[in-house]
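This report goes through the strands, a helix with its aromatic partner, and the pockets of one protein chain. Please keep the sequence and the three-dimensional view at hand while reading.

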Amino acid sequence: MTDLVKVHKSDGVLTLVMNRPEKKNALTDVMYGVLADALLDAQTDASTRAILIRGEGEAFTAGNDLGEFAAMAAGSGLRNVTRFLQALATNVKPLVAAAHGHAVGVGMTMLLHCDYVLLADDIRLSTPFVSLALVPEAASSFLLPARIGHARAFAMLALGETVGAEDALAWGLANRITSREGLTGAAEAIAARLVTLPAGAVAATRRLMRDTDTILARMNAESEEFARRLISPEAREAFTAFAERRAPDFSRFS
């Protein structure tokens with residue numbers, strides 16, 4: 001099962017590759033667990049000086065596997081989601097992301113925790129939480145408005161509006177746009193450059209730039225609301241409609 005996430009370390013760079021291309025890298029609990037373990041192990045590994053995350057196939061990630069969301073709503077927990085999100089929040093190593101195709105849900109929100117984000121010119125960023133009768137996660141309800149302003153963040157988080165590469169760059173969601181073919185190489189070059197910098201100074205700079213306590217507090221608040229929303233009648237309708245391949249009808253819920 002662990003081949004769903006490939007973990008490789010070379011020359012000081014830990015590379016994490018989401019590897020479920022037939023499902024557009026939709027994340028399962030097992031995948032969250034591998035990602036969380038790798039991030040947490042890297043914190044105390046002096047030989048890891050930078051982390052790179054990317055996806056195989058046609059998408060960065062389609063977000064959480066909706067089948068597992070439905071199972072969670074039925075009472076089967078996803079143990080590793082919180083571990084992964086908290087590992088992102090407490091990570092002390094410089095984190096580089098290379099995203100292409102679709103970055104949906106957590107595929108978008110995890111980018112807010114990355115220090116250097118490269119996007120392929122075909123990227124489509126979206127956060128369709130509310131359309132699933134859910135709420136944002138990964139502290140995105142705090143980090144995204146802080147990054148791009150309330151109006152744009154509301155359009156993304158509440159209306160689920162999709163953002164392309166040029167707007168993402170202009171709004172400060174990314175550092176660079178590359179071609180699809182050049183994405184991995186460009187990201188690897190940034191990670192390699194980070195490896196050559198003084199690790200202590202990089203870590204201190206990250207720490208000064210991020211309010212980890214506030215981020216964790218917002219994550220906890222989001223997680224509590226997310227759990228309530230997940231078992232709500234609205235969410236049950238959203239997941240049933242998805243399974244039945246029809247539009248959900250929320251009109252009877254207040």
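The sections below describe a predicted model, beginning with strand pairing and ending with the pockets.

**Strands β1, β2 and β3**

Strand β1 (residues 5–10) is joined to strand β2 (residues 13–18) by six bridges, and the two run antiparallel. Within this pairing, Lys6 has Val17 of β2 as its bridge partner, while Val7 stands opposite Leu16 in β2. The hairpin that β1 and β2 form has two residues between the strands, and Asp11 takes a positive phi there, near 55 degrees.

Strand β2 is also joined to β3, again by six bridges, but here the strands run parallel. In this second pairing Val17 stands opposite Arg54 in β3, so that Val17 is matched with Lys6 of the one neighbour and with Arg54 of the other; strands of a sheet pair through backbone hydrogen bonds, in either a parallel or an antiparallel manner.

How many of the six residues of β2 are buried? Six of the six are, and β2 is therefore largely enclosed by the rest of the structure. In a regular strand the side chains alternate between the two faces of the sheet. For β2 both faces are covered, since Val13, Thr15 and Val17 are buried on one side and Leu14, Leu16 and Met18 are buried on the other.

**The sheet of β5, β7 and β8**

A further group of three strands makes an open sheet in the order β5-β7-β8, with mixed pairing. Because β5 and β8 (163–164) stand at the edges and have a single partner strand each, one side of each is left without a neighbour in the sheet. Strand β7 (residues 124–126) and β8 run antiparallel and are joined by two bridges, and Arg124 stands opposite Gly164 in β8.

**Helix α3 and the aromatic pair**

The buried residues of α3 are Asn80, Val81, Phe84, Leu85, Ala87, Leu88 and Ala89. Their cover includes α1, β4 (95–99), α4 (106–109) and α10.

One of these buried residues, Phe84, also takes part in an aromatic pair, and the count of such pairs comes to one. The ring centres of Tyr32 and Phe84 are 5.7 Å apart and their planes stand at 45 degrees; the pair is therefore tilted. The pair links distant parts of the chain, with Tyr32 in helix α1 (residues 29–43) and Phe84 in helix α3, 52 residues apart. Tyr32 is buried, its relative accessible area being 2%, and Phe84 counts as buried at 1% relative accessibility.

**Asp65 in its loop**

Asp65 belongs to the loop between β3 (50–55) and α2. Is this residue buried or exposed? At 15% relative accessibility, Asp65 counts as buried. When its neighbours within four places in sequence are left aside, Asp65 is in contact with Arg20, Ala26, Leu27 and Thr28.

**The two pockets**

The table sets out the two pockets by volume and by class of lining residue.

| Pocket | Volume | Classes in the lining |
|---|---|---|
| Largest pocket | about 790 Å³ | 19 nonpolar, eight polar, five charged residues |
| Second largest pocket | about 630 Å³ | 16 nonpolar, four polar, six charged residues |

The largest pocket has a volume of about 790 Å³. Of the 32 residues that line the largest pocket, Ala62, Gly63, Asn64, Leu66 and Phe69 are the closest to its centre. At least two residues of the lining of the largest pocket come from each of α2 (66–73), α3 (79–90), β5 (102–104) and α10 (212–230). Helix α3, whose buried residues include Phe84, is thus among the elements that contribute to the largest pocket.

The second largest pocket is lined by 26 residues, and those nearest its centre are Cys114, Asp115, Tyr116, Arg206 and Met209. Each of β6 (116–120), α5 (140–148), α8 (183–195) and α9 (199–209) supplies at least two residues of the lining of the second largest pocket.

Definitions and conventions. Residues are numbered from 1 along each chain as its sequence is written. This is a predicted model: local features need pLDDT of at least 70, side-chain atom pairs count only at pLDDT 80 or more; totals for chains, interfaces and linings use all residues. Side-chain values use heavy atoms; hydrogens and water are left out. On a 1 Å grid over the protein atoms alone, a cavity is a set of points where a 1.4 Å probe fits but cannot get out, and a pocket is an open set with protein on both sides within 12 Å along at least five of seven lines; lining residues have an atom within 4 Å of a point. Grid points are joined across faces, edges and corners, and a volume is the space filled by probe spheres set on the points. Helices (H or I, at least four residues) and strands (E, at least two) are DSSP runs, numbered from the N terminus. Ala, Val, Leu, Ile, Met, Phe, Trp, Tyr, Cys and Pro count as nonpolar, Asp, Glu, Lys and Arg as charged, and the others, Gly among them, as polar. Two strands pair if DSSP finds at least two bridges between them. Rings of Phe, Tyr and Trp (its six-membered ring) pair if their centres lie within 6.5 Å; planes under 30 degrees apart count as stacked, over 60 as edge-to-face and the rest as tilted. Buried means under 20% relative accessible area, exposed over 50%, partly exposed in between (1.4 Å probe, protein chains only). Contact means heavy atoms within 4.5 Å.
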